Amino acid sequence: MIRYWCCIFMLFMYSVLLNAQQNRPVSIFGMIKSDSKIDSVELIYHDYILSKSGLTPEPKRFYYLPRKGFYQAHAFKFELPEVARPGYISLKYGKNSVFHHYLIMPGDSVKLFFDLKKNQTVFSGPSAAAFKCQYELQAIDLKHQFDNGSTLVTNNPNSFLDQDNNRNKLKQDTEEFGAFGVVLKLVPNTSEWQRERLLNQFRFPATQDYFKILDGYKQYIEPLRYAILKADIIGKTYSSLIYQFHNRL
């Protein structure tokens, strides 16, 4: 009940602050350092999203032909002239994604530097903290995948291990890389196992890891941006669990 009223209050404050905002431009300047030529950089802009998984509604797409010049890197810039409300942007070059669904606010201005040779990412400018925060939040997803290892749900684990020398492969992987946790967990595809797994995920949701990062930036970002990012974390975590519950049980 407390969480319900907190959400109602957050939505009320969101609407009040949103109505008080005026259209303001969003400026993004960036450089990509790479040995290979980069033909085009694409900015994908959602002025609002009803469903991140379904990309609803269709986004607006902008393209920039980067130039190297005196920067010794491929320089590009985008400006969204009139942004009236919080939205989301993604940045790509070719088929590669730089970042995905980053929250932006009217008036944002940020400089980005991506060194593909050293695998480094740097944010600068007035909105740097907001982008750096989301960059670290995005990294939590990879951390969870790494920590949890791989799980193979199969109706017959023994049958799988008897194929293609899988039993010896798994034994070797576990012996060599066991320090990183179980390389592959074989579990029977039963309703009891699915039920217990989902119950544990609901008891111990992954939100705390994300909140720890977000709260570290709380003093550097606007209250509205903080509230939306927090709501996104809650929605992302629990919608995934509900999706699993619906499809597996």
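**Strand pairing and local environment in the predicted model**

Of the 249 residues in the protein chain, 31% are buried. The model is a predicted one, and its secondary structure comprises 7 helices and 10 strands. The accessible surface of the protein chain amounts to about 16200 Å², and carbon and sulfur atoms contribute 56% of that area. Among contacts in the protein chain with a separation of 6 or more, 66% involve residues 24 or more positions apart.

Strand S1, residues 24–33, has pairings with S4 and with S7. The pairing with strand S4, residues 74–83, is antiparallel and contains 8 bridges. Within it, Gly 30 lies opposite Phe 76 of S4. The pairing of S1 with strand S7, residues 109–115, is parallel and contains 7 bridges. Here Ser 27 is placed opposite Ser 109 of S7.

Asp 108 belongs to the loop that links strand S6 (96–104) to S7. With a relative accessible area of 4%, Asp 108 falls below the 20% limit and is therefore classed as buried. Two polar interactions of its side chain were examined. The side chain of Asp 108 comes to 2.9 Å from the backbone nitrogen of Met 105, and a polar contact of 2.7 Å connects it with the side chain of Arg 225. When residues up to four places away in sequence are left out, the residues touched by Asp 108 are Pro 25, Val 26, Ser 27, Leu 103, Ser 127, Phe 131 and Arg 225. Ser 27, one of these residues, is also the residue of S1 that stands opposite Ser 109. Arg 225 appears both in the list of residues touched and as the partner in the 2.7 Å side-chain contact.

Positive phi values were found at two asparagine residues, Asn 119 and Asn 165. Asn 119, which is not a glycine, has a phi of about 55°. Asn 119 is located in the loop between S7 and strand S8 (120–124). Its relative accessible area is 70%, over the 50% limit, so Asn 119 is classed as exposed. For Asn 165, likewise a residue other than glycine, phi is positive and near 60°. Asn 165 occupies the loop between helix H3 (157–161) and helix H4 (166–177). Its relative accessibility of 46% lies between the limits of 20% and 50%, and Asn 165 therefore counts as partly exposed.

Definitions and conventions. Residues numbered from 1 in each chain as written. Predicted model: local features only at pLDDT ≥ 70, side-chain atom pairs only at ≥ 80, totals over all residues. Heavy atoms only, no water. Pairing = 2+ DSSP bridges. Helix = DSSP H or I, 4+ residues; strand = E, 2+ residues; numbered from the N terminus. Buried < 20%, exposed > 50% of the residue type's maximum accessible area, 1.4 Å probe, protein only. Polar contact = N/O pair within 3.5 Å; in protein donor to acceptor, adjacent residues only side chain to side chain. Contact = heavy atoms within 4.5 Å. Areas by Shrake-Rupley, 256 points an atom, 1.4 Å probe, with all protein chains shown as cover.
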